[in-house]
Amino acid sequence: VSNSLSSAPVVPGSAAQRFAGLSNDEQEILDQADRFARRELFPLSQRMDDEEWWPEDAFGKIGETGYFGIPVPEAYGGAGLDLFASGLVLQAFSRWNHALALSWVAHENLCLYNIYRNCNEEQRRRYLPGLCSGKAVGALGLTEAGAGSDALGSMRTTATRDGDHYVLNGSKLYITNGPVADVLLIYAKTHRDKGAQGISAFIVEKQFPGFKVAQKLTKMGFRGSQTAELVFDNCRVPAANLVGQEDRGVQVVMSGLDLERAMIAPICLGISERALELALDYARTRRQFGKPIADFQMIRAKFADMYVWVESMRLFTYQALRAANDLEIGGGGRGEIHKITAASVMFAADTMNKVLNEAVQIHGGSGYIWEAEVNRLFRAIKLLEIGAGTTEIRKIIISDEMLRA
Amino acid sequence: MKVMVSVKRVVDFTVKVRVKADGTGVDTANVKMSMNPFDEIAVEEAVRFKERGIATEIVVVSCGPPQCQETLRAAMAIGADRGVLVETCGELEPLAVAKLLKALFDKEQPRLVILGKQAIDDDCNQTGQMLAALATLPQATFASKVEMADGFALVTREVDGGSETLKVRLPAIITTDLRLNEPRYPSLPNIMKAKKKPLEILKAADLGVDVAPRLKILKVSEPPQRRNGVKVPDVASLIAKLKNEAKVI
């Protein structure tokens with residue numbers, strides 16, 4: 001009797017899996033997340049796009065299934081895996097509902113994982129279990145009306161110490177999850193004259209007095225992912241909610257931005273994979289001149305290009321995620337990882353634009369119709385060339401690192 | 001109570017199935033495979049028994065190529081405790097699977113065996129019934145509800161006129177219908193933990209079972225393409241077409 005227990009031989013993966021460099025475990029995480037997203041998140045996507053609708057129950061369901069807090073230890077309610085696994089889940093979710101995937105990453109990475117990395121034990125215990133279960137929705141507030149690319153230098157939101165509280169005044173613009181968030185990581189200037197070195201990070205709860213959502217914004221793409229302007233009008237935040245030390249918020253921002261850039265490239269990958277699949281399906285069934293349009297050389301040339309683009313995105317995205325996987329707490333914001341993560345999202349966002357352009361072209365008139373799935377995907381271009389640092393900022397980062405003396 | 005569940009690795013339900021060019025079967029190269037959905041319901045039911053304290057151990061078994069390990073791991077991620085793979089190569093017919101399961105039943109001595117009523121690849125709907133016959137055990141097929149009562153299982157099954165409830169003495173064989181339950185999604189931590197659960201690998205010969213096919217497949221072909229319908233102006237021309245073209249009246 002041949003009898004082997006848990007040391008059962010590992011079945012080798014497909015050529016595509018080996019090319020992507022995924023382990024069997026990673027491939028399974030991607031497949032399971034894909035299955036969940038296809039069945040549970042895809043059916044929500046049309047209404048979200050049509051009505052800018054927020055599905056109230058979705059986060060609870062995602063949390064129940066264990067898809068929040070992926071790199072966070074189980075003691076806090078997480079899955080105890082890593083950033084790479086988190087990126088795979090995001091890729092899978094983005095194939096089927098990229099708007100919800102955007103909300104997911106704002107919650108998972110910008111809020112939840114930032115709290116895990118930068119907060120003290122008491123703050124972790126207080127906020128992580130709720131965020132990991134999806135019962136609380138998270139967001140991050142950095143940018144303002146006058147502070148986009150120059151988010152740190154031009155920041156005008158202030159925090160003034162008043163006894164055992166800080167009093168926040170100002171506003172934050174284009175905040176993903178803003179209208180629905182329960183817990184927000186907010187940056188404000190504790191010392192106005194000290195530039196980036198005068199910024200601190202705070203955990204704000206939506207019921208804190210003086211916090212309000214000014215207006216929900218209507219977007220061209222990623223519709224249903226809620227975006228808002230937030231206002232702080234003498235908003236009182238307990239001093240116990242200061243993240244790290246006063247005036248040391250800049251390191252939280254910069255380290256967080258590297259992870260954010262590594263973590264949003266999978267959105268571009270997931271959307272592009274789905275667009276290519278839709279284009280292939282369409283070209284196989286759409287008949288003109290008596291044959292499927294997939295039989296025409298000009299359409300076939302597009303597919304060859306799109307395949308190469310998507311696979312290049314995959315490798316760049318995965319390699320940048322692997323490099324960011326082991327970023328030490330407080331690390332990043334400079335050096336190679338800063339350059340690599342900026343390059344990853346710059347390439348992914350730019351390439352996704354090319355893939356979607358061809359995908360809609362293959363769909364012809366039917367792709368220009370608002371309700372078409374490929375049209376919804378097409379309207380997702382641009383955001384990721386703008387958010388988490390514009391392409392222009394990314395180029396500054398990359399060239400600065402290359403030319404640093 | 002020990003429960004044995006059998007699972008089959010099949011072409012995923014989302015895949016557009018293509019027949020091989022030479023007509024010998026269905027193309028499974030580079031095709032996404034997953035657990036037969038009816039078997040997933042069987043695993044879920046067993047896990048619910050365990051959560052209610054009725055089952056103490058769930059053994060999940062599969063017969064087929066080494067890749068079936070993935071299917072067993074998926075079942076263990078849902079909540080099965082350990083896995084047994086009977087490794088075989090080549091086509092497996094329902095009778096061969098039933099004989100292997102009979103051998104595993106004798107080895108494991110479970111009080112209950114749960115199987116999917118059929119697999120979505122060949123739609124045979126035979127294995128559970130054959131197993132019951134080989135093991136001379138009571139069977140309750142197409143279960144839409146299962147309750148346990150002191151040495152018996154009460155199994156509700158859908159029949160043409162409504163539903164009927166069978167009372168079967170344990171040990172027994174139950175096959176699952178779609179409405180029995182809605183299987184959960186395994187959580188990420190459970191997927192990872194499933195990798196560490198024990199998985200035993202046997203060969204068909206170890207169990208003394210001859211799995212050689214008894215049937216010969218002559219040809220597999222695509223179903224004929226459905227032709228576009230036509231609109232008829234009135235009843236008279238409809239009847240004329242039914243008489244002269246379709247020749248059904």
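The legends below describe close-up views of a predicted model, taking salt bridges, aromatic contacts, strand pairing and a surface patch in turn.

**View 1. A network of salt bridges in chain A links A:D34, A:R95, A:E273, A:E311 and A:R314.** Side chains of opposite charge can pair when their charged atoms come close. In this view A:R95 forms a salt bridge with A:D34, with 2.7 Å between the closest N and O atoms; A:R95 belongs to helix α4 (residues 83–96) of chain A and A:D34 to helix α2 (residues 24–51) of chain A, so that the pair links distant parts of the chain, 61 residues apart. A:R95 also forms a salt bridge with A:E273, where the closest N and O atoms are again 2.7 Å apart. Because A:E273 lies in helix α7 (residues 249–285) of chain A and A:R95 in helix α4 of chain A, this second pair ties together parts that are 178 residues apart in sequence. A:R95 has a relative accessibility of 15% and therefore counts as buried; A:D34, at 11%, counts as buried, and A:E273, at 14%, counts as buried too. Over all chains, the count of salt bridges comes to 45.

**View 2. A salt bridge in chain A joins A:E358 to A:K302.** The closest N and O atoms of A:E358 and A:K302 are 3.2 Å apart. A:E358 is placed in helix α9 (residues 335–363) of chain A and A:K302 in helix α8 (residues 297–325) of chain A, so the contact ties together parts separated by 56 residues in sequence. Both A:E358 and A:K302 are buried.

**View 3. The rings of A:F211 and A:F232 form a tilted aromatic pair.** A pair of aromatic rings is described by the distance of the centres and the angle of the planes. For A:F211 and A:F232 the centres are 5.6 Å apart and the planes stand at 55 degrees, which is why the pair is classed as tilted. A:F211 lies in strand β6 (residues 211–216) of chain A and A:F232 in strand β7 (residues 227–238) of chain A, so the pair ties together parts that are 21 residues apart in sequence. Both A:F211 and A:F232 are buried. The backbone gives a second link between these residues, as A:F232 in β7(A) is the bridge partner of A:F211, and β6(A) and β7(A) pair in the antiparallel sense over five bridges. Strand β3 (residues 165–176) of chain A also pairs with β7(A) in the antiparallel sense, over nine bridges, and the bridge partner of A:K172 in β7(A) is A:L230.

**View 4. Further ring contacts include an edge-to-face pair made by A:F289 and A:F296.** The ring centres of A:F289 and A:F296 are 6.1 Å apart, with 75 degrees between the planes. A:F289 counts as exposed at 79% relative accessibility, whereas A:F296, at 25%, counts as partly exposed. Elsewhere, A:F36, A:W54, A:F59, A:Y67, A:F68, A:F93, A:W104 and B:Y185 form one aromatic cluster. The search of the whole structure finds 16 aromatic pairs over all chains.

**View 5. Two arginines of chain A, A:R47 and A:R379, each have their charged end over a tryptophan ring.** The charged end of A:R47 sits over the ring of A:W53, at 4.0 Å from the ring centre. In the other contact, the charged end of A:R379 sits over the ring of A:W370, at 3.6 Å from the ring centre.

**View 6. Strand β10 (residues 172–176) of chain B is mostly covered, with five of its five residues buried.** Both faces of β10(B) are covered, since B:A172, B:I174 and B:T176 on one side and B:I173 and B:T175 on the other are all buried. Strand β6 (residues 112–116) of chain B pairs with β10(B) in the parallel sense over five bridges, and the bridge partner of B:V113 in β10(B) is B:I173. Strand β7 (residues 139–149) of chain B also runs parallel to β10(B), joined by three bridges; here B:T176 in β10(B) is the bridge partner of B:A143.

**View 7. A nonpolar patch on the surface is formed by B:V235, B:I239, B:V248 and B:I249.** Together, these residues have about 390 Å² of accessible area. B:I249 is placed in the segment after α6 (235–244) of chain B, and with a relative accessible area of 58% B:I249 is exposed.

Definitions and conventions
Residues numbered from 1 in each chain as written. Chains lettered and ligands numbered in written order. Predicted model: local features only at pLDDT ≥ 70, side-chain atom pairs only at ≥ 80, totals over all residues. Heavy atoms only, no water. Salt bridge = Lys/Arg side-chain N within 4 Å of Asp/Glu carboxyl O. Helix = DSSP H or I, 4+ residues; strand = E, 2+ residues; numbered from the N terminus. Buried < 20%, exposed > 50% of the residue type's maximum accessible area, 1.4 Å probe, protein only. Patch = residues over 30% accessible without salt bridge, like charges linked within 9 Å, V, L, I, M, F, W, Y side chains within 5 Å. Areas by Shrake-Rupley, 256 points an atom, 1.4 Å probe, with all protein chains shown as cover. Phe/Tyr/Trp six-rings, centres within 6.5 Å; stacked < 30°, edge-to-face > 60°. Lys NZ or Arg CZ within 6 Å of the ring centre and 35° of its normal. Pairing = 2+ DSSP bridges.
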